[in-house]
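User: Hi, can you walk me through this one? I'm new to this.
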2 protein chains.
Amino acid sequence: MTMKPSPEHLLRIGMSFWNAKALLSAVEFGVFDALAETPADLRTLRAKLGLHERSARDFFDALVALKLLEREGGVYRNTPETDFFLVRSKPSYVGGLLEMANARLYESWGRLTEALKTGRRQSENKEEGDLFAALYADPERLRGFLSAMSGVSAGAANAIADKFPWKDYNSFVDVGAAQGMVPVTLARAHPHLVGVGFDLPQVQPIFDEFVAANGLAARISFRAGDFFADPLPQADVIIMGHILHDWDLDQKRLLLSKAYDALPPGGALIVYEALIDDERRENAFGLLMSLNMLIETAGGFDYTGADCQGWMRAAGFRETRVAHLVGPDSMVIGFK
Amino acid sequence: MTMKPSPEHLLRIGMSFWNAKALLSAVEFGVFDALAETPADLRTLRAKLGLHERSARDFFDALVALKLLEREGGVYRNTPETDFFLVRSKPSYVGGLLEMANARLYESWGRLTEALKTGRRQSENKEEGDLFAALYADPERLRGFLSAMSGVSAGAANAIADKFPWKDYNSFVDVGAAQGMVPVTLARAHPHLVGVGFDLPQVQPIFDEFVAANGLAARISFRAGDFFADPLPQADVIIMGHILHDWDLDQKRLLLSKAYDALPPGGALIVYEALIDDERRENAFGLLMSLNMLIETAGGFDYTGADCQGWMRAAGFRETRVAHLVGPDSMVIGFK
């Protein structure tokens with residue numbers, strides 16, 4: 001028996017930017033926010049969101065076919081997933097990442113070919129020195145970026161709270177803490193912990209607001225600093241989530257070495273990331289995330305658990321191990 | 001037991017433009033052509049294609065993780081699928097569609113939100129009257145477009161050859177024949193058939209070349225014409241594939257009525273398309289194709305089998321039925 005090859009797999013991947021953009025535009029229009037207030041028929045929903053008559057029905061029905069909306073008797077409503085994760089007013093909102101994808105990444109990825117030819121980032125003004133300098137200079141964009149990072153970190157934060165032996169430690173620092181999703185999640189899960197969020201000074205008001213809204217200001221504080229220019233705050237456990245991949249190899253090694261210096265003997269470093277599998281043949285998301293670092297940063301790249309364990313041992317950590325967290329994310333733990 | 005909702009489905013859809021663009025850039029670089037000549041290691045492949053060192057390995061390994069390449073002992077090679085469908089020199093090449101997606105659609109879809117707000121096409125120069133006028137005015141782009149259409153039609157053409165009772169008919173006309181994939185496939189499968197490809201005069205050299213290369217010039221000929229301005233050529237069976245969806249409702253009805261006029265009593269019209277399911281809740285590709293018509297055309301939209309059967313009956317056809325072809329494509333048959 002010979003299998004007849006089919007082009008469906010290829011065409012599905014190649015055209016999947018249609019699926020992506022339909023969802024990204026739905027987030028932009030506030031489809032899920034509108035339907036969280038009240039389910040609505042075509043006419044009502046279209047008027048509420050300001051869509052033209054021509055393609056509104058195709059758009060909403062495409063979202064139904066993508067399992068992002070439900071429709072019964074002509075009335076559209078959110079799925080349990082979209083209601084939980086894509087309604088802006090809910091603390092479980094993860095749409096910030098999709099907003100960032102819609103506002104910036106979709107277009108920059110249009111220049112992937114040029115990026116691969118030149119090795120140069122394509123995001124924003126290509127002459128600009130630094131993605132983060134640009135982001136942090138604009139309070140509105142910074143808030144959007146930090147909220148996006150919360151969406152990226154929420155699932156991993158729960159898994160880290162669950163899978164690390166926190167009972168053996170009393171304090172932690174989250175380096176590049178953003179809005180504070182990881183500190184808040186850890187402090188909520190483990191009442192004996194005190195934590196610090198370390199990030200650039202512009203982040204403080206957004207961080208403090210998020211921590212206060214979660215009622216954790218007594219155990220979580222903010223420390224302003226630059227993780228390249230300043231020493232890292234000391235704590236039993238240091239966490240770096242989606243930080244190392246932004247930087248080139250020398251910068252990665254420098255950050256690992258600074259973490260080592262800030263830990264007491266017996267302390268631990270947790271690095272988490274959409275780690276590429278050691279064989280580099282399974283985790284497509286991790287490999288594509290590395291291409292996203294090409295698009296977005298001057299020298300960043302993603303890496304395998306084996307890569308990171310090697311760098312940690314070179315930095316002096318006596319023992320290292322890798323544990324899966326959730327979805328594409330895993331953590332690498334180094335013990336000093 | 002309560003199921004904890006997970007954002008993975010949402011994030012996978014929302015970020016799938018990464019997967020898409022990786023494949024589109026791979027086609028643009030000629031990755032599959034290079035590896036069809038000879039499998040190669042990272043260094044060789046990178047040099048051959050002119051990729052910068054920074055991200056070449058991540059790029060090729062991402063293609064491995066997406067099951068678009070294989071890698072063994074550091075040597076990359078095509079999968080059976082990519083070798084069959086994405087090597088330009090092979091007659092089974094379907095990459096024309098992906099080339100079109102890469103060169104035009106990816107960017108235009110970046111303006112989906114605006115298209116949905118305004119109901120106006122976003123492709124090319126928005127002030128331009130007509131997508132096809134622009135395409136057909138440039139021989140190089142026309143050749144690319146027609147080759148893309150062959151990729152879209154190849155699977156459906158085989159299924160039409162298989163699933164329609166051709167033994168009861170002697171002649172056919174393919175309206176909007178493009179390169180001639182459907183006529184060639186039908187004539188090859190059914191040696192008693194003679195066929196005509198009907199399209200604008202600019203298409204003739206490309207059509208004739210393809211028919212001659214397939215050794216079918218004795219039974220397939222080209223007829224130049226404009227399917228709005230001119231009557232359709234007469235034949236036992238008239239075929240319109242991926243044609244009706246380009247046009248608005250009045251134009252669709254006009255084309256169906258012209259097909260009716262050109263058929264003898266007992267003749268049949270075959271319309272095939274990525275038909276939307278009648279409930280408009282399953283075939284995401286068909287619904288997104290309709291949004292693609294928003295992006296690409298002045299008034300086009302995709303439709304269900306029930307829609308098309310209704311229009312056919314209104315045009316005079318005495319009997320209609322729908323049959324699935326392959327992948328997202330189905331055909332609607334109307335008998336006069």
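Analyst: Sure. Start with a definition: helices are DSSP runs of at least four residues, and strands are runs of at least two. Note that this is a predicted model.

User: So how many helices and strands does chain A have?
Analyst: Chain A has 15 helices and 10 strands. Its radius of gyration is 21 Å, close to the 20 Å that the globule rule gives for 336 residues, so chain A is as compact as a globular protein of that length.

User: And what does the C-alpha trace span along its principal axes?
Analyst: About 65 × 55 × 50 Å for chain A.

User: What does UniProt list for residues 16-87?
Analyst: An unreviewed UniProt entry gives "domain: O-methyltransferase dimerisation" for that part of chain A. The span is 62% helix and 14% strand, and its end C-alpha atoms lie 24 Å apart.

User: New topic. How many salt bridges are there?
Analyst: The whole structure has 26. One pairs A:Glu37 with A:Lys48, at 3.2 Å from N to O. A:Glu37 lies in helix H3 and A:Lys48 in helix H4, so the pair ties together parts that are 11 residues apart in sequence.

User: Which residues form the negative surface patch?
Analyst: A:Asp278, A:Glu279, A:Glu282 and A:Asp307.

User: Where does A:Asp278 lie?
Analyst: In a loop of chain A, between strand E8 (268-273) and helix H14 (284-296).

Terms used
Residues numbered from 1 in each chain as written. Chains lettered and ligands numbered in written order. Predicted model: local features only at pLDDT ≥ 70, side-chain atom pairs only at ≥ 80, totals over all residues. Heavy atoms only, no water. Patch = residues over 30% accessible without salt bridge, like charges linked within 9 Å, V, L, I, M, F, W, Y side chains within 5 Å. Areas by Shrake-Rupley, 256 points an atom, 1.4 Å probe, with all protein chains shown as cover. Salt bridge = Lys/Arg side-chain N within 4 Å of Asp/Glu carboxyl O. Lys, Arg positive; Asp, Glu negative; His and termini not counted. Charge placed at Lys NZ, Arg CZ, Asp CG, Glu CD. UniProt positions renumbered as here; feature names shortened; annotations may be inferred. Rg over C-alpha atoms; globule rule 2.2 N^0.38 Å.
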